[in-house]
Amino acid sequence: MDLAVLAASFLPILLLELPDKTFVATLVLATRFKPLTAWVGVGLAFAVQSLIAVVAGRLLAQLPERPVAAVAAVLFAVGAVTLFRGAAKAEQAGREARGEYEAKVGGGRSGRRGVLTCFGVVFLAEWGDLSQLFTAGLAARYDDPVSVFAGSWAALLVVAGLAAALGGTIVRRLSVAAVSRVGGVVCAVLAVLTVLEVAGVQLPV
């Protein structure tokens, strides 16, 4: 496992998902179920989604190198634009997402049924999420699917864990708009690095 690739996967996904519906979904689920039940169900959903994204990225990587890098650059650029544009409306979007999930989730089951419910809600609601596309782009760019999967899934587990354990406190203290902008900067940097790679510039990363 390459720690540099793991970190390059972990940090952007963490910044992408902190202001995203993922955090809100886990926060809502943790109020309807035990926090550990919600975290396990959400974590399993993200494991499957991350695995699918990595497989898709590796299939994409079988194509000629430059077109693949160009597609990865576009995915990173889309992430940057989405985060920058969404920063101004992040608080409102979070409130809307919270209402959406509260309407979808019933109350109270625990154990296996609770885990399965949390898994199903997040797996269906977050399908095709920006973090999935971003993970696929990373898997296409780096020839290390294990490190990309580990970094991406770890970031999602951290976000879900923070939401389940400290959600209310974080919501009050975290500037979602600021996190969105930082995530946008990280995505933009990756997009630029990938464009330089397409252009044939030798990079140390």
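In what order do the elements of the protein run from the N terminus on? Colour the chain by secondary structure and follow it along: the order is α-α-α-α-α-α-α-α-α. That makes nine helices and zero strands. Keep in mind that you are looking at a predicted model.

**Stop 1: the whole chain, coloured by confidence**

Switch the colouring to pLDDT. The average over the protein is 76, and 74% of the residues score at least 70. Now select residues 90–104, which form helix α5: among the elements, α5 has the lowest mean pLDDT, 53. At the other end of the ranking is α3, whose mean of 90 is the highest. Where pLDDT is low, the predicted coordinates should not be read in detail. While the whole chain is in view, here is one more figure: of its 205 residues, 46% count as buried.

**Stop 2: helix α1 and its start**

Select residues 3–17 to light up helix α1. Put a distance line between its end C-alpha atoms and you should get 21 Å. That agrees with expectation, because 15 residues at 1.5 Å a residue should span 21 Å. Which residues of α1 are buried? They are V5, A8, S9, P12, I13, L14, L15, L16 and E17.

Now show D2 as sticks, at the start of α1. A side-chain oxygen of D2 comes to within 2.8 Å of the backbone nitrogen of A4. The backbone nitrogen of D2 has a partner too: a polar atom of the S147 side chain, 2.8 Å away.

**Stop 3: S147**

Follow that second contact across to S147, which sits in helix α8, residues 145–173. Is S147 buried or exposed? It is buried, because its relative accessible area is 0%, and the cut-off for buried is under 20%. Add D144 to the selection as well: its side chain and that of S147 make a polar contact at 2.7 Å.

**Stop 4: the salt bridge**

How many salt bridges does a search of the whole structure find? The search turns up one. To see it, select D143 and R58, whose closest N and O atoms are 2.9 Å apart. The pair ties together distant parts of the chain, with their positions 85 residues apart: D143 belongs to the loop between α7 and α8, while R58 belongs to helix α3.

Turn on a surface and compare the two partners. D143 is exposed, at a relative accessible area of 67%, whereas R58 is buried, at 19%.

**Stop 5: along helix α3**

Stay on α3, which covers residues 35–60. Select L36, W39, V40 and L44 and show them as a surface: together they make a nonpolar patch of about 350 Å². Take V40 from that group; V40 is partly exposed, with a relative accessible area of 31%.

Next, pick V55, also found in α3. V55 is partly exposed, at 44%. Draw a C-alpha to C-alpha line from V55 to A140: the two are 85 residues apart in sequence but 9.2 Å apart in space.

**Stop 6: helix α7**

A140 is one of the buried residues of α7, so select that whole helix, residues 130–141. From first C-alpha to last, α7 reaches 16 Å, close to the 16 Å expected for its 12 residues. Why can α7 be called largely enclosed by the rest of the structure? Because 11 of its 12 residues are buried. Among them are L130, F134, L138 and R141.

**Stop 7: two more long-range neighbours**

First, go to V121 in helix α6, residues 111–125. With 16% relative accessibility, V121 counts as buried. Add L29 and draw the C-alpha line: 9.0 Å in space, against 92 residues in sequence.

Then move on to R181, in helix α9, residues 176–198. R181 counts as partly exposed, with 43% relative accessibility. Where along the chain is A80 relative to R181? The two are 101 residues apart, yet their C-alpha atoms are separated by 8.4 Å.

Methods. Residues numbered from 1 in each chain as written. Predicted model: local features only at pLDDT ≥ 70, side-chain atom pairs only at ≥ 80, totals over all residues. Heavy atoms only, no water. Patch = residues over 30% accessible without salt bridge, like charges linked within 9 Å, V, L, I, M, F, W, Y side chains within 5 Å. Areas by Shrake-Rupley, 256 points an atom, 1.4 Å probe, with all protein chains shown as cover. Salt bridge = Lys/Arg side-chain N within 4 Å of Asp/Glu carboxyl O. Helix = DSSP H or I, 4+ residues; strand = E, 2+ residues; numbered from the N terminus. Buried < 20%, exposed > 50% of the residue type's maximum accessible area, 1.4 Å probe, protein only. Expected span 1.5 Å × (residues − 1). Polar contact = N/O pair within 3.5 Å; in protein donor to acceptor, adjacent residues only side chain to side chain. pLDDT = per-residue confidence, 0-100.
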